Amino acid sequence: MTHNDSNSPTLADVAERYVKLVLAMGQHDASYVDAYYGPPAWQAAAVEQQQGLSDIKAAADEALALLAKEPCLRALNLRKQLQAVLAKVDMLQGARLDFDTQSARLYDAVSPHHSRAYYEELVTAIDVLLPGNGTVSERVNALRAQLVIPADRLRTVMDAAIRAGRERTLQYIALPEGEDFVLEFVTDKPWSGYNWYKGDYQSVIQINTDLPVYIDRAVDLGCHEAYPGHHVYNVLLERDLVRGKGWLEYCIYPLYSPQSLIAEGTANYGIELSFTDAERLAFEQQVLYPLAGLDPVLAPRYAQLNRLLAKLGYADNDIARQYLESSLSGEEALEWLVNVRLYPAEKSAQRLQFYDAMGAYVINYNLGQDMAKAYVERQGATRTAHWAAFRDLMSSPRVPSALLE
């Protein structure tokens with residue numbers, strides 16, 4: 001076994017150190033460890049023998065030094081993940097990182113900056129699509145108000161959307177027998193959906209019902225949280241890397257790390273990979289609208305609106321950056337969210353909570369999606385080639401900055 005082999009003793013040692021460091025970090029920030037299904041004894045030790053932040057920093061530096069001469073992808077991924085541990089240590093010790101520094105150190109990527117005028121040009125196209133009285137935001141929300149999934153039909157609609165995503169995924173990705181999920185509806189969260197991966201190919205998927213769930217969110221959340229998104233991503237990592245190769249670093253998922261850009265980016269890109277615009281419109285109009293008891297006549301215009309709204313995605317990053325760096329007050333950020341991002345007022349308030357809780361994490365959704373899409377679509381021209389590259393991206397060591405090469 002050569003020193004630079006991706007299964008070298010050094011890498012196995014660093015992987016174990018890394019997992020234990022992430023568990024130690026979880027004692028300082030309850031949201032840090034998003035999933036863990038490694039040895040229970042390691043978790044117990046992290047609780048019983050709590051490490052201070054300075055000790056964690058020293059141990060991470062030591063682990064990084066061991067990786068200095070390891071050139072393989074596995075080592076590169078471990079290096080980036082450990083560097084993100086160090087960034088989070090700095091933040092927990094009081095370092096004030098600006099938004100772009102935080103996103104570079106935690107997620108290995110930096111989002112482009114756009115002015116308000118850039119987004120207002122996009123809002124003009126929505127103004128044309130939805131003529132009438134009131135602000136563009138009011139008109140968008142008047143249409144949305146007709147497209148809320150009734151609470152008593154939400155599970156039926158979500159089940160149908162997830163089933164369709166699974167059927168499409170299984171045409172291209174073989175999943176292990178017994179993989180499954182539990183779907184729950186929750187309240188009082190700063191997010192709209194979440195996948196909690198439990199190991200053994202099982203997930204708990206939660207949908208937040210604090211706010212109205214619009215009909216387009218069924219496909220979005222079904223694909224993003226389940227198939228071919230987070231559930232599939234975690235299942236593939238467990239099967240191919242943890243069990244298949246013994247790479248224990250993948251039995252843990254630190255939320256504030258480059259892994260999140262890959263996870264969120266592939267989960268978002270998986271939506272359009274599963275459904276072309278025409279396929280999605282047909283599925284929603286013929287299946288989901290009737291299940292929700294909504295008027296299918298509204299579907300084409302709503303689909304057109306959502307394609308335009310998607311172009312406003314980076315406004316989330318620019319609003320978060322300016323708000324977190326205090327160049328926008330809370331009131332000003334809410335105004336941007338309503339009139340530029342075109343979120344409903346209550347959703348805008350939820351977004352501010354998300355920025356406060358998660359900082360630069362917001363870049364992982366839109367920038368991550370665009371980086372995953374560009375990478376996958378460079379690997380081939382057909383849908384089959386795209387699915388193959390997508391599957392490879394999700395189940396092999398990849399760091400965000402390498403997606404640009």
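User: Contact here means heavy atoms within 4.5 Å; with that cut-off, which residues does Tyr 355 touch, not counting residues up to four places away in sequence?

Analyst: The model is a predicted one. Tyr 355 belongs to the residues with the most contacts inside the largest nonpolar core. Once residues up to four places away in sequence are set aside, the residues that Tyr 355 touches are Asp 316, Ile 319, Ala 320, Tyr 323, Leu 324, Leu 337 and Val 362.

User: Which helix gives the most to the largest nonpolar core?

Analyst: This core has 134 residues, and those with the most contacts inside it include Leu 82, Ile 126, Ile 215, Leu 288 and Leu 305. The helix that gives the most to it does so with nine residues, and it is the one spanning residues 9-26, namely H1.

User: Which strands stand at the edges of the open sheet, and why is one side of each left without a neighbour?

Analyst: The sheet has three strands with mixed pairing, placed in the order S2-S4-S3. Each edge strand has a single partner strand, so one of its sides has no neighbour in the sheet. The two strands in this position are S2 (180-186) and S3 (193-199).

User: How many bridges join S3 to strand S4?

Analyst: Strand S4 covers residues 202-208 and runs antiparallel to S3. Within this pair, Asn 195 stands opposite Ile 205 in S4. The number of bridges that join the two strands is six.

User: At about what angle does helix H10 run to S3?

Analyst: Two helices can be considered with the sheet. Helix H8, residues 154-170, packs on it by touching S2 and S4, and its direction makes about 145° with that of S2. Helix H10, residues 230-245, lies across S2, S3 and S4, and its angle to S3 is about 20°.

User: Why do the buried residues of H18 line one face of the helix, and within what arc do they fall?

Analyst: Helix H18 has twelve residues, 383-394, and reaches 16 Å from its first C-alpha to its last, close to the expected 16 Å. The buried residues are His 386, Trp 387, Ala 389, Phe 390, Leu 393 and Met 394, and the cover over them includes H8, H10, H11 and H17. An α-helix has 3.6 residues a turn, so residues three or four places apart point the same way. Seen down the axis of H18, the buried residues line one face because they fall within an arc of 165°.

User: How many of the 17 residues of H11 are buried?

Analyst: Helix H11 (258-274) is among the elements that cover the buried residues of H18, and it reaches 24 Å from its first C-alpha to its last, close to the 24 Å expected. H11 is itself largely enclosed by the rest of the structure, because the number of its 17 residues that are buried is 16.

User: How far apart in space, C-alpha to C-alpha, are Ile 363 and Asn 317?

Analyst: Ile 363 is found in helix H17 and counts as buried, at 0% relative accessibility. Leaving aside neighbours within four places in sequence, Ile 363 is in contact with several residues, among them Phe 99, Tyr 107, Leu 261 and Asn 317. Ile 363 and Asn 317 are 46 residues apart in sequence, while their distance in space, C-alpha to C-alpha, is 5.9 Å.

User: Is Gln 322 buried or exposed?

Analyst: Gln 322 lies in helix H14, residues 315-324, and touches Ser 327, Leu 328 and Trp 336, not counting residues up to four places away in sequence. The relative accessible area of Gln 322 is 17%, and the cut-off for a buried residue is under 20%. Gln 322 therefore counts as buried.

User: Which residue does a cis peptide bond join to Tyr 227?

Analyst: Most peptide bonds are trans. Here, however, omega is about 5° at a bond that follows Tyr 227. The partner lies in the loop between helix H9 (216-226) and H10, and that residue is Pro 228.

User: Near what value is phi of Leu 342?

Analyst: Most residues other than glycine have a negative phi. Leu 342 is found in the loop between helix H15 (330-339) and helix H16 (345-358), and is buried, with a relative accessible area of 0%. Its phi is positive, near 65°.

Technical notes
Residues numbered from 1 in each chain as written. Predicted model: local features only at pLDDT ≥ 70, side-chain atom pairs only at ≥ 80, totals over all residues. Heavy atoms only, no water. Pairing = 2+ DSSP bridges. Helix = DSSP H or I, 4+ residues; strand = E, 2+ residues; numbered from the N terminus. Contact = heavy atoms within 4.5 Å. Axes fitted to C-alpha atoms, helices over the stretch in contact; angles between N-to-C directions. Core = buried A, V, L, I, M, F, W, Y, C linked by side-chain atoms within 4.5 Å. Buried < 20%, exposed > 50% of the residue type's maximum accessible area, 1.4 Å probe, protein only. Expected span 1.5 Å × (residues − 1). Arc of directions from axis to C-beta.
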